[in-house]
Amino acid sequence: MDQLMERTVAKGQTVDDLLRRSAGIPAAFIAFFLSEPEGTPKRLLPKALSWLIDVVKESLINQPKANISNSDLCSGNNDEVSKFRDEGVVPTVHAFNVLKAAFNDTNLATDTSGFCADAIVISIRSFSSPYWEIRNSACLAYTALLRRMVGFLNIQKRESARRALTGLEFFHRYPTLHSFLLNELRVATELLLEGSSEHLGFNLKNVVHPSLCPMLILLSRLKPSPISSETGDSLDPFLFMPFIRRCSIQSNLRIRVLASRALTGLVANEKLQVVLLNIASELPCEKNHITTPDSSSTSISTNRTSCSYNSIHGMLLQLNALIDTNCRNLIDSFKKDTILNELIQILATRSWIGRPQYCPCPILNGCIIKVLDNMLSIARTCEASRSARVIWNLLWELSSESLDLEPTDCLSYFDPTIQELRKQAATSYFNCVFPTCKEATEDELQMRRIVSTPATSSLRVVGQMEVAFTKFQERLIRSMSDASYEVRIATLKWLLLFLKNKESLGDNGEEQFHYEAIKTCLTNINLQETLMKLLVTEKHHKCILYLLKVFYTWNSLEFQEDSQPSSETTYVCNMDRNSVFQIWNKLVSLFEITRHAKTRQTLICCMGVCIKRISILCMSFISSKVEKKETTPSKLFSDFYDALTYFMDMIEQNSDASEPINMRKAAAESMIASALLANAEALGSLVSSSTISDENLSIKLYARKVLDLWFICVKLLEDEDVGLRKTLALDVQKCLKKNSPFAMASSQVEKVIELCFEHLTEVFGQWHDYLDCLCSWVLNIANGGSYFVSGGDLVRRVFDKEIDNHYEEKLLICQICCLQLEVIPSSNSGGARGILGKWRTRFYEELIGFSREYIGKRGSVDWIGGVGNHKDAFLPVYANLVAFYALSKCLLKEEPENCGAMLLSEVDAIGEAIKPFLGNPLIYNLYSVLVKSHVKCFCRNGDNLRGNWRRGDSDWVEFNPYFLLR
């Protein structure tokens, strides 16, 4: 390792020695570190890390002045000049790369923890280096150290999900960092006070200290402490607050944002109220006049002090961060409400910041609206809140004014900040009506269920009355069709969450209140018609997606089925035939021209809702035809049948195993939404009725479509996605026959599949076409695959195996179908016996044909253990043979003496044909059971069967052909 250290700091190195982050130098050090035995004191690692840190420190202390400018270094006109670096630069980069690798290695986490503080100090100081190579390597090492010290960052919630530390814990764990950060922040923020933006302009080099950003990032990863430090504690994180507060006047937006996040981990819960009120009090109360010195920044002179828009924005950001993080996480509900009540009294006198006519800065308008929005969401969780009403009124007023702001009223050019303001205003405005939360945690949902007090309920009732007086419905329609995309998408997102909010409500009256809120807010706007009109004019694909989601959710609400809505409320399930087909044709045309995957998924679900209404109309039409004894399909049924056929083809195509999982989920959801599976019970009574003749084609066609949909459902129940299987299994059981002994709450998918077939047999058991369906399903499974690829070779190619669904068990479906064939009585009519005989002959021919094809292509070459053991040969042989066995068993119940010789000859021919496959014990024993069943019925002719197929060592005492079921 000493030789490696000498090579690391060797003189005369150029940038070529930095190839791929120091090439093998970090790997060599890591190899030395990992070579030390576990359980013994480490010697190499402490020695190496201390030496690497000293190398960087020496470079920082003795850093020579560069002989050439940065522009010359980056120009690349002279190869020798572009590769030249002062002595110590390249070794410093090597040292940082080794440190990065060491702190990234999980196996060294415990041993390197004692060097984290010193390493992050030199990393932050190296951000001031004039050399890009040092700054880059220091940034990489800083990132590794940040992960090692405070854990990974959860981007969605802006907090460290793993190893989250409070500010108090962090600085007591790394005490040397406190003094370093305190001194660095003092130096970095002094520049913010020495000059204003009118002197510095846009020279960010003089405004932003190089170490300011990494320090703010580190502090922003800390979470607030529930208790404050002792008086006089030198490691108190609160000592950083004055320097962080200075960053609010920074002209760089990212610095102001980082400073607001860094402030949250420094303020303990005990000091939160004082800090919030102080920040709010620093906001200007009144605006007397606006001055614009040198056009570099806008300043506001008030009656007490002078501040710029940047400083106001910085204070609002810090206020919002403390409210959203610190105040929201307070456990004491009374303390939260007290803080909010005092804070809103101060902010009410600064409301001019949120009014566009008084403060012509959209960023400030939107920021204070965001602050009030967070305050209202917290106040709603407080029992008997005193501040909620005041916050609600102010937020409603400010958001309404900002929504009425049009870009053309202010500027002739496009201003994106105005669009962002109106987007935030739309979100906050509609949250005043009903709060929505897309990503509520389990604790928040539990709190929402618990906190349902008379005070919050009365607040919501008052809110609804105010909504009615301020014509909320007109505002909603206007926002859904607004010229700004940001306003439209914000409105549609809120409306979707508003309709779906039932999922997060408990059973303590919140659900009924949600239904009443929907009826109150959406009664007179004719949402269904509005959505269809917007679908015609909308051009943005994301808005189309949310319009379709709202359409689907609106028509899936339970109160529309369980209760009787007003006559003015329109949804698909109470439309007439012409209106439904207009919507259906619109959805079909959209589906055929849409290419966005999410939009196509939602369209599939919406079409399921329309098919539900079409199926109701179709069933009503069929029932009326039955009463009138009409047997010829009319033009009206043709329209119904065409829509059902299109829907069935679409579901079948998107439920294929080769389709993406989201498309298969959409197909399953649409299938359940269509309620076609539940029509099986009504259709079964029609097709099984003695008054219905075989010529009634419309009933037969419709019933066959429903049976095909059930089979698609069974295929989806065998999908490889666990979530899809479980969800569909629970939904399908709701479609089983009511009061049926088979309808039970079962989460076992295989059991649900059996229940489905038992349900179909009970409903359609007396219908001859059902026998035909069962046999055709078995035939498709047994002979639907390509079992011979590459010229008949059973060795399948790699890409052929990737398309397999390894969860699917085709033989299970075959055995279930064959078992149902045995359950159905075949002696009810001669037609049933004819169908069974025809299919028995068909399976006999399939067995003979498959065996001959295999022998012709493979000859005498055998698979290991017999070709019957190969899965692609086993399935077609066993499936066809078990179907032949089941059908033979049905026919043998009547003991027809006149055809015994023919049946025995077919069994004998099968034995000769499948002889190469009898090496498989399952196939052998199934054929043995088949022979025994025929010999038992025709004992006089049983001796005619040749016994050269028998193998004494393969006979099982009791073999069940349906071994997957019992």
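**Helix packing and buried positions in a predicted model**

Alanine 879 lies in helix H45, which spans residues 871–891, and is examined here in a model that is predicted. With a relative accessibility of 0%, alanine 879 counts as buried, because that value falls under the 20% cut-off. When residues up to four places away in sequence are not counted, alanine 879 touches Val778, Ala782 and Cys814. A further spatial relation links alanine 879 to leucine 779, since the two residues are 100 residues apart along the chain while their C-alpha atoms are separated by 8.1 Å.

The setting for this position is given by the totals for the protein. The secondary structure comes to 47 helices and five strands, and buried residues make up 52% of the 966 residues. Among contacts between residues at least 6 apart in sequence, 76% join residues at least 24 apart. The accessible surface comes to about 44,400 Å², and carbon and sulfur atoms account for 52% of that surface.

Two helices may be described through their buried residues. In helix H3, which covers residues 25–35, the buried residues are Ile25, Pro26, Phe29, Ile30 and Phe33. These residues cover an arc of only 130° around the axis, and they are therefore placed on the same side of H3. The elements against which the buried residues of H3 pack are helix H1 (2–8), helix H2 (19–22), helix H4 (44–61) and helix H7 (89–104).

In helix H18, which covers residues 272–282, the buried residues are Leu272, Val275, Leu276, Leu277, Ile279 and Ala280. The cover over the buried residues of H18 includes helix H16 (241–246), helix H17 (253–264), helix H19 (309–327) and helix H20 (333–348). Valine 275, whose place is in H18, has a relative accessible area of 4% and is therefore classed as buried. Leaving aside neighbours within four places in sequence, valine 275 is in contact with Phe238, Met241, Val267 and Leu322. For one of these partners, leucine 322, the separation from valine 275 is 47 residues in sequence and 9.0 Å in space, taken from C-alpha to C-alpha.

A further buried position is provided by isoleucine 418, which is found in helix H24 (residues 416–433). The relative accessibility of isoleucine 418 is 3%, and this residue therefore counts as buried. Isoleucine 418 and glycine 366 are 52 residues apart in sequence, whereas the distance between them in space is 8.9 Å from C-alpha to C-alpha.

Attention is turned next to the packing of helix pairs. Helix H27 (residues 472–480) and helix H28 (residues 485–500) pack at an angle of about 125°, and their axes are 8 Å apart. This angle makes H27 oblique to H28. On the side of H27 the contact is made by Phe472, Leu476, Ser479 and Met480, and on the side of H28 by Val487, Arg488, Thr491, Leu492, Trp494 and Leu495. By residue class, the contact of H27 with H28 divides into seven nonpolar, two polar and one charged.

In a second pair, formed by helix H38 (residues 697–717) and helix H39 (residues 722–732), the axes come within 9 Å and cross at roughly 140°. H38 is therefore oblique to H39, the angle not being over the 145 degrees that would count as roughly antiparallel. Trp710, Cys713, Leu716 and Leu717 are the residues of H38 that meet Leu724, Arg725, Leu728, Ala729 and Val732 in H39. The residues of the contact of H38 with H39 divide into eight nonpolar, no polar and one charged.

The backbone at two alanine positions in loops also deserves a description. Alanine 384 lies in the loop between helix H21 (362–379) and helix H22 (388–403), and its phi is near 50°, a positive value in a residue other than glycine. Alanine 675 is found in the loop between helix H36 (661–674) and helix H37 (680–687). The phi of alanine 675 is near 60°, which is likewise a positive value in a residue other than glycine. With a relative accessible area of 21%, alanine 675 is partly exposed, because residues count as buried under 20% and as exposed over 50%.

Note on methods: Residues numbered from 1 in each chain as written. Predicted model: local features only at pLDDT ≥ 70, side-chain atom pairs only at ≥ 80, totals over all residues. Heavy atoms only, no water. Axes fitted to C-alpha atoms, helices over the stretch in contact; angles between N-to-C directions. Helix = DSSP H or I, 4+ residues; strand = E, 2+ residues; numbered from the N terminus. Parallel < 35°, antiparallel > 145°, perpendicular 65-115°, else oblique. Contact = heavy atoms within 4.5 Å. Nonpolar A, V, L, I, M, F, W, Y, C, P; charged D, E, K, R; others polar. Buried < 20%, exposed > 50% of the residue type's maximum accessible area, 1.4 Å probe, protein only. Areas by Shrake-Rupley, 256 points an atom, 1.4 Å probe, with all protein chains shown as cover. Arc of directions from axis to C-beta.
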